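Reader: I should like to learn how to read the features of a structure that is new to me. Could the general idea be given first, and then the case at hand?

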Amino acid sequence: MPLGNKVRPSSASGKLETLHVPSILSELGSAGERTINTSGPGCRGEKATDEDKKQQPEWLVRELLKQNRRRHSVTLGDKAQLTTRLHHSADSTHGPCSLKIDQTVSLDNLQKLKLAFEEFEMGGLRSVDEKNFGRIVKKCLGLHNTSNAQIQGLFMKIDYSGQGRISWDEFCTYMQLEYREKEESVIRSKQVAFALPATVKALSHGVPIVNIHSTPDGTAVTLREDGAVCCWSPDLQKQKTKSVFHERPVNRSSKWASDFTPMTQYNKLIIGTGDREIQLYDLSSLEPYCQVSALETVPLTLDYCYTGADECSILYGDAQGCVNIILISSAGETLRLWNKLPKIENMPNIGIDNAVLSPNVTYIRWKVHQDWVTQARYFQSIRAVVSTSNEEASALVIGCVLPSTNLEQQLKEIRETCYEGKAKKAQLNSSPQPRASCDQTAFTIYKGVKTFDLCRKHNLLVTGGMDRLIRMWNPYFPGKPTGILKGHSTPIFYLCISSEDSQIFSVSMDNTVKIWDIQDQCCLFTTHSKASGIRGDISACLYSPSMKSLYIAADSMALLSLKIRPQLHSHLIVSHNEPVMCCGYSEEFRQVVSCTEGSVVKVWDFDSGRQVFEFGGAHGLSAITCMTFDPKGRRLITGGRDGCLKIWNFNNGQCLKILKRDGECHEVCDCTYLKVHRNPYVMSVGWDRKIGIYSDAPEDPHHVQRPQPSWQDDLRNGHKDDILCIAQCPPSLLATSSYDGEIIVWNVVSGHIQSRFLSPLPPEYQNVQGVDTSVPSIIFLRNSTLHVEFSSATALLSSGSRGYINFWNVLNGGKLVSSFEASKFQQKITKLAKTEGDTLLYAADQIGYIYVYNMEEFALAPEQKPPRAENYWRAHTSSITGLQIVDNDQVVLTSSTDCTVRLWSAYGEFIGTLGQSEKWSIHISSSWKHPAVPYEVLIDPLSMPVHEILNGKTRVSDATDPDKTEAHREELKSESHSKLENPPPSISDTDIEEEIKNMLYPEEHGKRLCHEIIKHSNKLSDHSGLKCFDIVEPPNTFERPDLSLAAIDPFICSTEELESTE
């Protein structure tokens, strides 16, 4: 859903709902939260804050300051002018503000637009042209200052067929589909699910588990009613089990536990018992530590909070509806003192009456509810206690810990003290006092509250109970819930807010688990007992945000783990969450389109790098394998592994046509759009080993279109293996290449084969088995300066084995003219692209390198020597799947299976990765990432510079004195040859052992003997077998490497220290 729209479009056909947007600038990327001064009927002026100016990129500020050449500083008088220029330039980098004219349409404006279109219909025109559309938009929307370019961009998106006119129905369809796809894109980004079925561990007892808690190391701790404590590993493996309660005589009833909570700061475990006790155990050994006994009532629910420096609070709710709070200062010392007290049933014991006599202990008891307390928790973030019960009037109460200062109450106590001569002390046995109305906030909820959770980050309180509804509240406004989540069919047992993921986890009594989105207030995932495998009555639940897991105790112990998407490294920037299979550039809209293995299509603004649009499920669950544009660049054609071709209006995600064969469909590997005698066609190739030919007739009413009959030559003499690539050379040539290395050139007019040839193996691999001969990329080269061996000005380039590129003459049967090794690492060339005029060839390999070759020189004399790469750089860390040259802007567009789409200058300067937070301006080089490179490329081992010295093949002296290199190599060869003929004698371990035995050592013992042994053992009689190395002195002068770009030069500090010592 667009950022500024609070109401989603209805799913009903043709119905659009939106609210008036205060400013069309509010829809821009990071500018979505700032407001600026604008003029015009369509905008409301607001002041820009200092925070706005901080959000401007540094490159933009520098460029704006450069425009004023008369001064080199900015004075206070320039403040307003600079702010205005900053906002103007920033908006220009965000693309057409374009600004989303369609997102400023309210219901009132929509009615005006409809009336305006109807006026044209009454005049006999059922559609409007671009000029009249601009007038309608400016008049009905009040956007008189909107540029014609912005209106033209919107008009072209609606008029995808290029007819020059649009109707009211087309306008509504475009807007509705755009809103729908944006909403689905948001939902898709929030997809979440549990791994089903749950991990279940059987419990060998029938005693219910009272609660589950987790420790900082991820261990889950459970407590049974009979006092058995069990520790579980994150993958639900039992680590240890121990019964902590002291065994009683047979004639006494056994002790039972009501609740427990960990006291992690002091490594303790707090357990409430049915004997009106709070017991503390050592968390590591589960040995008894101390207990507080003789409580007023049984503690039904326990909670603990560390409130400050060696201070904590223990609170519990009881059956009388009271909230009891024990505040402990100097907690470590207090607990140690309690540990030394006399024992009762092997547990150091102190009564609550004696405990409160300590100056470090404060005991407060509030009468809050008229029914049992179902849950009580202390929140340090709001410094308040939240308690719940099944009573409607006080279903949930947020109250203070200590009473607020009351001047009248203090004066009353002073008077009583003066009259009675002593201060009155509150007695524990006296009836609990209710809080003052100003000290608490009560929520009235139908049928009470059984469970709740509170999140300060989202300022959200959620409650659930017997009425099966989950209510969302603002904690400070108890009158009415902000939202109600419906879906459970039984009472709500457990609620938890995951603040990091903005999600709510809920569990009901029938073992149904749901995940809700806080922002959209919708259910993201539901699992029932049958799918999860959880059986029995639930007794305890816990969601662990650190482990992304939900623990449920019923008849068995169950663990539901969230399906976590593979998270890339935090400092890596990606364009998609899945590998990118192809990309392309639309010159008409100046947009980049990228398609992924997850069938997601994203549209990016070429000039700034921001994402414009996204739609998913383009080919269902099948990957998108290829794409192309129609000649006008307004429609997108995609091919997928489902065997279908689809034609899209990619600006709103509307599928215009589906092109597919009858019967079984095989994967489409490549497609192209071409015209034959002015008739447009879409052609595809793939695993069916045939060329699919589809007529692109806009007047064809069928949504699903079948291919035309195949060429006879294709049926009889076509490819025998899967076809991987297709390339065209207007007006009549078409080439296809297959997995077995065969290339066929076709005449598209007649459908006959012009020539065919087989990709050769490199000379050194002629007799090697298993060499990859597939041809994943081919391209035609048309150059009037081609060598005389070519019978025309057209040649064909194809990727060969082991990183080679083959040069073919396509006429007269076709023949191989030349080959050269394009990849320095002998990696398969996956993509080929050429510049306008066919002067430069760009080749990309499967480890992410891009090579640039000047084909003019090679075309003149291909037989002399292979071309030398004029430039090369590493663009990605894995195989490059898309490569396109944008000649007008001198930009190279690349995509890869490493989930990124990137832009580079024609010289290899890094512009940026689509999806990065910083925007760029394509014509301002200071906004580019250059001289930086992508981080993952920088740290990848294959990005290291290749040099003979680094590989140990060349010595430093050879590099510094290249004239002597050849002579020295010949000398080394002759020496090594002579050494092989007369190998030197070698000393074996046996020889050394015999020589040491024959040595005479003195009979004296002590230091003298030690010295002699070491002296003789270091002298061997024969050293001829030891390998010796010459020490080569380094040259006196050498060229220091330039490390200025890295901003760190280790040579600088050492040189300065040398100079200072001299």
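Author: The turns below go from the whole chain to its helices, cores, ring pairs and backbone. The model is a predicted one.

Reader: How many helices and strands does the protein chain have?

Author: The secondary structure of the protein chain comprises 19 helices and 59 strands. The chain has 1062 residues, of which 48% count as buried. Among its contacts with a separation of 6 or more, 52% are between residues 24 or more positions apart.

Reader: How should I read a helix, for example α4, and what span should its 16 residues have?

Author: One begins with length. At 1.5 Å a residue, the 16 residues of α4 (residues 107–122) should span 22 Å, and the end C-alpha atoms are 23 Å apart, which agrees.

Reader: Which residues of α4 are buried, and which are exposed?

Author: Asn 109, Leu 110, Leu 113, Ala 116 and Phe 117 of α4 are buried. These buried residues lie on the same side of α4, because they cover an arc of only 120° around the axis. On the other side of α4, Asp 108, Gln 111, Glu 119 and Met 122 are exposed. The cover over the buried residues of α4 includes β1 (128–129), α5 (130–141), β2 (165–166) and α7 (168–189). After α4 comes Gly 124, with a positive phi near 100°.

Reader: How many of the 11 residues of helix α6 are buried?

Author: In α6 (residues 148–158), 8 of the 11 residues are buried, so this helix is largely enclosed by the rest of the structure. The buried residues are Gln 150, Ile 151, Gly 153, Leu 154, Phe 155, Met 156, Lys 157 and Ile 158. Their cover includes β1, α5, β2 and α7, together with β33 (591–596) and β38 (645–649).

Reader: Which residues touch the most other members of the largest nonpolar core?

Author: They are Phe 194, Tyr 494, Leu 550, Ile 552 and Met 557, in a core of 35 residues. Strands that each supply at least two residues of this core include β4 (209–214), β25 (492–498), β30 (549–553) and β31 (556–561). Tyr 494 may serve as an example: leaving aside neighbours within four places in sequence, Tyr 494 is in contact with residues including Thr 451, Phe 505, Cys 541 and Leu 550. There is also a second, separate core of 24 residues, with Tyr 304, Ile 326, Trp 338 and Ile 352 among its members.

Reader: How many aromatic pairs are there, and how is such a pair described?

Author: A pair of aromatic rings is described by the distance of the centres and the angle of the planes. A search of the whole structure finds 25 aromatic pairs. In one of them, the rings of Tyr 266 and Tyr 306 have centres 6.1 Å apart and planes at 55°, so the pair is tilted. This pair links distant parts of the chain, 40 residues apart: Tyr 266 is in the loop between β8 (257–263) and β9 (268–273), and Tyr 306 is in strand β12 (residues 301–308). Tyr 266 counts as buried at 15% relative accessibility, whereas Tyr 306, at 33%, counts as partly exposed.

Reader: Where do Trp 873 and Trp 904 lie?

Author: Trp 873 lies in strand β55 (residues 871–874) and Trp 904 in strand β58 (residues 901–905), so their pair ties together parts 31 residues apart in sequence. The pair of Trp 873 and Trp 904 is tilted, at 6.1 Å centre to centre and 45° between the planes. Both Trp 873 and Trp 904 are buried. Elsewhere, ring pairs join Phe 117, Phe 133, Phe 155, Trp 168 and Phe 171 into a cluster.

Reader: Which residue lies over the face of Tyr 289?

Author: Lys 268 does, at 4.3 Å from the ring centre. Likewise, Lys 255 lies over the face of Phe 245, at 5.9 Å from the ring centre.

Reader: What is the general rule for phi and for peptide bonds?

Author: Most residues other than glycine have a negative phi, and most peptide bonds are trans. Here, the peptide bond from Leu 196 to Pro 197 is cis, with omega near -5°. Pro 197 is in the loop between α7 and β3 (199–202). Another cis peptide bond joins Pro 730 and Pro 731, with omega about 10°. As for phi, Arg 276 has a positive value near 60° and lies in the loop between β9 and β10 (277–282). Ser 330 also has a positive phi, about 45°, and is found in the loop between β14 (322–329) and α8 (331–339).

Note on methods
Residues are numbered from 1 along each chain as its sequence is written. This is a predicted model: local features need pLDDT of at least 70, side-chain atom pairs count only at pLDDT 80 or more; totals for chains, interfaces and linings use all residues. Side-chain values use heavy atoms; hydrogens and water are left out. A nonpolar core is a set of buried Ala, Val, Leu, Ile, Met, Phe, Trp, Tyr and Cys residues joined through side-chain atoms within 4.5 Å. Buried means under 20% relative accessible area, exposed over 50%, partly exposed in between (1.4 Å probe, protein chains only). Helices (H or I, at least four residues) and strands (E, at least two) are DSSP runs, numbered from the N terminus. Contact means heavy atoms within 4.5 Å. Rings of Phe, Tyr and Trp (its six-membered ring) pair if their centres lie within 6.5 Å; planes under 30 degrees apart count as stacked, over 60 as edge-to-face and the rest as tilted. A charge sits over a ring if NZ of Lys or CZ of Arg is within 6 Å of the ring centre and within 35 degrees of the ring normal. The expected span of a helix is 1.5 Å times one less than its number of residues. The arc is that of the directions from the helix axis to the C-beta atoms.
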